[in-house]
Amino acid sequence: MKRKAIAGCLIVVFFIATAIACGDDAGEENDGENAVTNNQNATNDGNSANNGNSSNSTANTNNTNNTNNTNNTNNTNNTNNTDPDGPTFCRNTCQEASECGTEDGWECVDERCHFDSEAAGNCTENDDCIALLSGWQDPCSNQDGCAITQACIEHQGEGLCAFEHGEYIDCHDMDREIATIDRFGDAGTAEVCIHPSPLCHPDHHFCMEGCQSDGDCFAGGVDTCIDGLCVCGSDAACDDVDFGDTCFDGECGCSGDQICVDAGFDVCE
């Protein structure tokens, strides 16, 4: 059996940490409505897990993978902005989509830049984010295709290398939980490290870390955990973002054109 160097594990661990820490920049320069959600450790990576029905490979896990996203449901959102005109966000004006951005998803609608996150996103449900956030990125056909610290497991019908809990790695040291999953290309099961709360943003369709308490929400523009999602709970949460000063239903918006002009946008509407 081919064994890759243990050093490979360190490189992949660094990749995971980097992937989770990096926010999705799509829309930040052109659409304030999408920008605020990208601050919460978004991981909008084109190499995310394939969409589709969730595999039974995550059965028998030692965690409640998606139940964490319903924690703290008794937390009441203080975003009681009742502006009769509705929420307003910083936007850029345009005549064609090329003026808005080069990434897939940018559109020019009614002379305003708009990012179609549903079309350009990398997930439609939480299970789509398990592989990406857990670091199961390298494909394999059997155990020979993975490092000594990994196991080749079955996920959504394909083989992926996952960090194996045991002699070389303790999943809890990586802030991960342990799941027992069928091996791919070989008989038996393996105990591997799995992200405890993968979340597909319900409005913007990118993978991100879900929250379990307000303490998990420390990025600019968010301070409150509701149903596993970090949102702004008051206008004060928007003090750390340039593109908004008012909390509208969990997202930082703008109160007037000047704050948008100062942040490099054209209008607040």
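This note goes through the predicted model point by point, from the overall fold to single contacts.

1. Overall make-up. The chain has 5 helices and 14 strands. Of its 269 residues, 48% are buried. Among contacts with a separation of 6 or more, 59% are between residues 24 or more positions apart. The exposed area of the chain is about 12,600 Å². Carbon and sulfur atoms supply 43% of that area.

2. Disulfide count. The structure holds 13 disulfides. Three of them are taken up below: Cys90 to Cys260, Cys146 to Cys161, and Cys254 to Cys268.

3. Cys90 and Cys260. The S to S distance is 2.1 Å. Cys90 sits in strand β1, and Cys260 sits in helix α5 (residues 257–262). The two cysteines are 170 residues apart, so the disulfide links distant parts of the chain. The torsion about the S-S bond is about -85 degrees, which means a left-handed disulfide. Both Cys90 and Cys260 are buried.

4. Cys146 and Cys161. Here the S to S distance is 2.0 Å. The S-S torsion is -90 degrees, and the link is left-handed. Cys146 lies in the loop between α4 (130–134) and β4 (150–155), while Cys161 belongs to strand β5. The pair therefore ties together parts that are 15 residues apart in sequence. Cys146 and Cys161 are both buried.

5. Cys254 and Cys268. The sulfur atoms of this disulfide are 2.0 Å apart. The link is right-handed, with 100 degrees about the S-S bond. Cys254 is in the loop between β13 (251–253) and α5, and Cys268 is in strand β14. They are 14 residues apart. Is Cys254 buried or exposed? Cys254 is buried, because its relative accessible area is 1% and the cut-off for buried is under 20%. Cys268 is buried as well, with a relative accessible area of 15%.

6. The hairpin of β2 and β3. These strands run antiparallel and are joined by 4 bridges. Val109 has Arg112 in β3 as its bridge partner. There are 2 residues between the strands. In this hairpin Asp110 takes a positive phi near 55 degrees.

7. Faces of β3. In a regular strand the side chains alternate between the two faces of the sheet. Along β3, Cys113 and Phe115 point to one face and are buried. Arg112 and His114 point to the other face and are not buried.

8. The salt bridge of Arg112. Side chains of opposite charge can pair when their charged atoms come close. The structure holds 2 salt bridges. One of them joins the side chains of Arg112 and Glu269 at 2.4 Å, N to O. Arg112 lies in strand β3 (residues 112–115), and Glu269 lies in the segment after β14 (267–268). The pair therefore ties together parts that are 157 residues apart in sequence. Arg112 is partly exposed, at 22% relative accessible area. Glu269 is partly exposed too, at 36%.

9. The salt bridge of Arg183. Arg183 and Glu164 meet through their side chains at 3.1 Å, N to O. Arg183 is in the loop between β6 and β7. Glu164 is in the loop between β5 (158–163) and β6. The pair links distant parts of the chain, 19 residues apart. How accessible is Arg183, in relative terms? Its relative accessibility is 23%, so Arg183 counts as partly exposed. Glu164 is also partly exposed, with a relative accessible area of 23%.

10. The hairpin of β6 and β7. Strand β6 (residues 177–182) and strand β7 (residues 189–194) pair in the antiparallel sense over 6 bridges. Ala179 has Val192 in β7 as its bridge partner. The hairpin has 6 residues between the strands. Gly185, in the turn, has a positive phi of about 85 degrees.

11. Asn92. This residue lies in the loop between β1 (90–91) and β2 (106–109). Asn92 is buried, with a relative accessible area of 9%. What does the side chain of Asn92 reach? The side chain of Asn92 reaches the backbone nitrogen of Asp266, at 3.1 Å.

Key. Residues are numbered from 1 along each chain as its sequence is written. This is a predicted model: local features need pLDDT of at least 70, side-chain atom pairs count only at pLDDT 80 or more; totals for chains, interfaces and linings use all residues. Side-chain values use heavy atoms; hydrogens and water are left out. Two strands pair if DSSP finds at least two bridges between them. A salt bridge is a side-chain nitrogen of Lys or Arg within 4 Å of a carboxyl oxygen of Asp or Glu. Buried means under 20% relative accessible area, exposed over 50%, partly exposed in between (1.4 Å probe, protein chains only). A polar contact is a pair of N or O atoms within 3.5 Å; within protein, one must be able to donate a hydrogen and the other to accept it, and residues adjacent in sequence count only if both atoms are side-chain atoms. Contact means heavy atoms within 4.5 Å. Accessible areas come from the Shrake-Rupley method with a 1.4 Å probe; for residues, only the protein chains shown count as cover. A disulfide is a pair of cysteine sulfur atoms within 2.5 Å.
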